[in-house]
Amino acid sequence: CRLWFRGDEKEALAFVKVQVFGKSSADAYDALTGRLCELIEQHLAIPQDHIYISYEENSHWGWNGSNF
C-alpha cells in the first residue's frame, strides 16, 4: 500500500483505525490519541505530525458464533 503525505510518498506516516465496543468520551479519545502517537513515534520513528488516527464506535460485535 502506498500512502502519500503532503504530496510526497517518501515520508513515513501512519494511519491507525481504532474500533471501540460501545462509546467513549472526547477526553478518553484525546488521551488515547496522545498515547498512541507517543508509542508509534517511539517504536516506529514516525513523527507525531505524520500520524492519523480514526475512531469508530460499534455497539454490536460478533465473536465465537454469536454477538455481544
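This passage describes the fold, the core, the salt bridges, the polar contacts and the surface of a predicted model.

To begin with the overall layout, the protein contains 1 helix and 4 strands. Read from the N terminus, these elements follow the order β-α-β-β-β. Strand E1 covers residues 14-21, helix H1 residues 26-44 and strand E2 residues 51-58. Further along come strand E3, at residues 62-63, and strand E4, at 66-67. Among contacts with a separation of 6 or more, 62% join residues that are 24 or more positions apart. Of the 68 residues, 19% count as buried. The protein exposes about 5300 Å², and carbon and sulfur atoms supply 54% of that area.

The interior comes next. In soluble globular proteins, nonpolar side chains tend to be buried together. Here the largest nonpolar core has 9 residues, namely Ala14, Val18, Val20, Tyr29, Cys37, Ile40, Ile46, Ile51 and Ile53. Strand E1, helix H1 and strand E2 are the elements that each give two or more residues to this core. Ile40 is a helpful residue to follow through the structure. Once its neighbours within four places in sequence are set aside, Ile40 touches Ala14, Val16, Ala45, Ile46 and Ile51. One of these partners, Ala45, sits in the loop between H1 and E2. Ala45 is exposed, because its relative accessibility is 61% and the cut-off for that class is over 50%. The backbone of Ala45 also deserves a look. Most residues other than glycine have a negative phi. Ala45, although not a glycine, has a positive phi of about 60°.

The loop between H1 and E2 also holds His50. With a relative accessibility of 7%, His50 counts as buried. The His50 side chain makes a polar contact of 2.7 Å with the side chain of Asp49.

Charged pairs form another part of the picture. Side chains of opposite charge can pair when their charged atoms come close. The structure holds 3 salt bridges. Lys17 pairs with Glu56, with 3.3 Å between the closest N and O atoms. This pair links distant parts of the chain, as Lys17 belongs to strand E1 and Glu56 to strand E2, 39 residues apart. Glu56 is partly exposed, at 31% relative accessibility. A salt bridge also joins the side chains of Lys23 and Glu57, at 3.6 Å from N to O. Here too distant parts of the chain are linked: Lys23 lies in the loop between E1 and H1, Glu57 lies in strand E2, and 34 residues separate them. Lys23 is exposed at 72% relative accessibility, whereas Glu57 is partly exposed at 35%. Within helix H1, Arg35 and Glu38 form a salt bridge whose closest N and O atoms are 3.2 Å apart. Arg35 and Glu38 are 3 residues apart in the helix, so about one helical turn separates them. Both are partly exposed, Arg35 with a relative accessible area of 43% and Glu38 with 39%.

Strand E2 also contains Asn58. Asn58 is buried, with a relative accessible area of 16%. The side chain of Asn58 makes a polar contact with that of Gln19, at 3.3 Å. Beyond its neighbours within four places in sequence, Asn58 is in contact with Gln19, Val20, Phe21 and Gly22.

Phe21 leads on to the surface. Together with Trp63 and Phe68, Phe21 forms a nonpolar surface patch with about 390 Å² of accessible area. Trp63 is part of strand E3, and its relative accessible area of 60% makes it exposed.

Asn64 lies in the loop between E3 and strand E4. This residue has a positive phi of about 55°, although it is not a glycine. Asn64 is exposed, with a relative accessible area of 63%. Asn67, in strand E4, is likewise exposed, with a relative accessible area of 61%. Setting aside neighbours within four places in sequence, Asn67 is in contact with Trp61 and Gly62. A polar atom of the Asn67 side chain lies 3.5 Å from the backbone nitrogen of Gly62.

Key
Residues numbered from 1 in each chain as written. Predicted model: local features only at pLDDT ≥ 70, side-chain atom pairs only at ≥ 80, totals over all residues. Heavy atoms only, no water. Patch = residues over 30% accessible without salt bridge, like charges linked within 9 Å, V, L, I, M, F, W, Y side chains within 5 Å. Areas by Shrake-Rupley, 256 points an atom, 1.4 Å probe, with all protein chains shown as cover. Salt bridge = Lys/Arg side-chain N within 4 Å of Asp/Glu carboxyl O. Buried < 20%, exposed > 50% of the residue type's maximum accessible area, 1.4 Å probe, protein only. Core = buried A, V, L, I, M, F, W, Y, C linked by side-chain atoms within 4.5 Å. Contact = heavy atoms within 4.5 Å. Polar contact = N/O pair within 3.5 Å; in protein donor to acceptor, adjacent residues only side chain to side chain.
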